[in-house]
Amino acid sequence: MCSRCVCSSQDDSFVKNPHLCDLKEDHLYHLSLNTNMDLEEMFSDVKFVCTGGTANRMRSFAEYVAQEIGHQFPTGVQMKNISAPADRYSMYKVGPVLSVSHGMGNPSMGILTNELIKLMYYAKCKDPIFFRIGTCGSIGHEGGTVIISDDCCDGFLKTSYTIPVLGKPFERRAQLDQGLIIELKDLIDKNDNFKVVSGTTMCAEDFYEGQGRLDGPFCKFSEEDKMQFLYRLSGKGIINMEMESTAFAALTKAAGIKASVVCVSLINRLKGDQVTTPKNVLDEWQKRPQVLVARYIKKNLCCSCK
Ligand code: R2B
């Protein structure tokens with residue numbers, strides 16, 4: 001066993017892969033990081049890993065968090081995209097907070113989450129908490145509503161994340177931390193100009209047919225079929241649809257990392273398929289999950305980790 005892998009043999013290690021011991025060096029290729037770097041020096045203070053769809057959103061989240069927690073960058077040091085050379089994801093570090101874009105869909109989220117878990121392991125981070133702060137379509141809630149996922153399921157309504165591994169289906173339970181949901185709900189302020197609700201999230205593999213939309217280039221079902229499906233989901237406690245939660249929930253759960261998914265609805269799917277809300281309104285809505293998660297970070301930050 002190599003010196004890096006002392007804890008991979010223990011149950012509480014983030015990684016559970018004996019093959020990692022055989023690697024002389026490990027390249028977290030999509031993040032532009034590798035184990036020849038002093039990852040412990042660079043990242044061991046990370047406590048909160050916040051992921052969201054787009055590079056711009058995660059840059060502005062990093063700036064917002066810096067303001068909220070009063071983080072001061074050393075004189076002459078500017079916040080920079082750590083993963084820029086790989087040109088896949090954007091990653092910003094603000095003291096104990098990592099703000100990282102995950103792109104769209106489970107495959108992109110899966111690659112990122114795998115590499116972030118290895119990063120937490122190599123950097124010897126202690127009890128990091130992961131968030132996805134994103135967007136979704138809701139079933140029965142108005143645009144602008146913030147939705148905390150209390151569970152998630154795939155498009156077959158199975159509460160797991162299944163991928164083909166060596167030609168066979170490999171299934172992991174997709175489960176989110178229940179305590180974190182309660183803690184987030186406790187942070188709702190009566191003066192907030194938005195509603196926060198929770199329920200099960202359906203994670204689709206597709207934006208169009210996979211979410212019962214009638215407006216894609218192909219569609220073999222009727223408006224009535226679509227509405228029946230949406231009401232069936234609603235009857236099962238499913239209140240929103242997005243495209244990354246099952247990979248995120250299953251992989252963090254497998255690593256023993258607490259995680260939560262907080263999304264804002266951009267559209268009530270019972271009323272339509274197309275997102276037509278003006279950009280400035282969408283931009284304001286997208287800040288809402290950030291407000292809640294930044295509050296959580298601020299509340300749970302120890303004084304020494306700003
Ligand atoms: C929400 O928005 C994106 C699709 O428009 C996708 O990443 C998701 O989950």
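## Exercises on the ligand site

A backbone N or O atom of M243 lies 2.9 Å from an oxygen atom of the ligand, in what is a predicted model.

**Exercise 1.** Determine which side chains place polar atoms beside oxygen atoms of the ligand, and how much of the ligand the protein buries.

*Solution.* Begin with E244, where an N or O atom of the side chain is 2.6 Å from an oxygen atom of the ligand. Turn next to R132, which has a polar side-chain atom 3.4 Å from an oxygen atom of the ligand; this pair falls within the 3.5 Å cut-off for a polar contact. Finally, consider the surface: the ligand taken alone exposes 270 Å², and the protein buries 80% of that area.

**Exercise 2.** List the residues that surround the ligand and sort them by class.

*Solution.* The surrounding residues are M104, R132, T135, F207, E242, M243 and E244. Sorting this shell by class gives 3 nonpolar, 1 polar and 3 charged residues.

**Exercise 3.** Locate the ligand with respect to the pockets, and describe the lining of the pocket concerned.

*Solution.* The ligand sits in the largest pocket, which holds about 520 Å³ of space. Its lining comprises 23 residues, with M104, T135, C136, F207 and L266 lying nearest the centre of the pocket. To trace the lining to secondary structure, note that β6 (129-138), β11 (238-242), β12 (258-268) and α7 (279-300) each supply at least two residues, and that the largest share, 5 residues, comes from β6. By class, the lining of the largest pocket divides into 9 nonpolar, 9 polar and 5 charged residues.

Definitions and conventions: Residues are numbered from 1 along each chain as its sequence is written. This is a predicted model: local features need pLDDT of at least 70, side-chain atom pairs count only at pLDDT 80 or more; totals for chains, interfaces and linings use all residues. Side-chain values use heavy atoms; hydrogens and water are left out. A residue is near a molecule or strand if one of its heavy atoms lies within 4 Å of it. A polar contact is a pair of N or O atoms within 3.5 Å; within protein, one must be able to donate a hydrogen and the other to accept it, and residues adjacent in sequence count only if both atoms are side-chain atoms. Accessible areas come from the Shrake-Rupley method with a 1.4 Å probe; for residues, only the protein chains shown count as cover. On a 1 Å grid over the protein atoms alone, a cavity is a set of points where a 1.4 Å probe fits but cannot get out, and a pocket is an open set with protein on both sides within 12 Å along at least five of seven lines; lining residues have an atom within 4 Å of a point. A molecule sits in a cavity or pocket if more than half of its atoms lie within 2 Å of its grid points. Ala, Val, Leu, Ile, Met, Phe, Trp, Tyr, Cys and Pro count as nonpolar, Asp, Glu, Lys and Arg as charged, and the others, Gly among them, as polar. Grid points are joined across faces, edges and corners, and a volume is the space filled by probe spheres set on the points. Helices (H or I, at least four residues) and strands (E, at least two) are DSSP runs, numbered from the N terminus.
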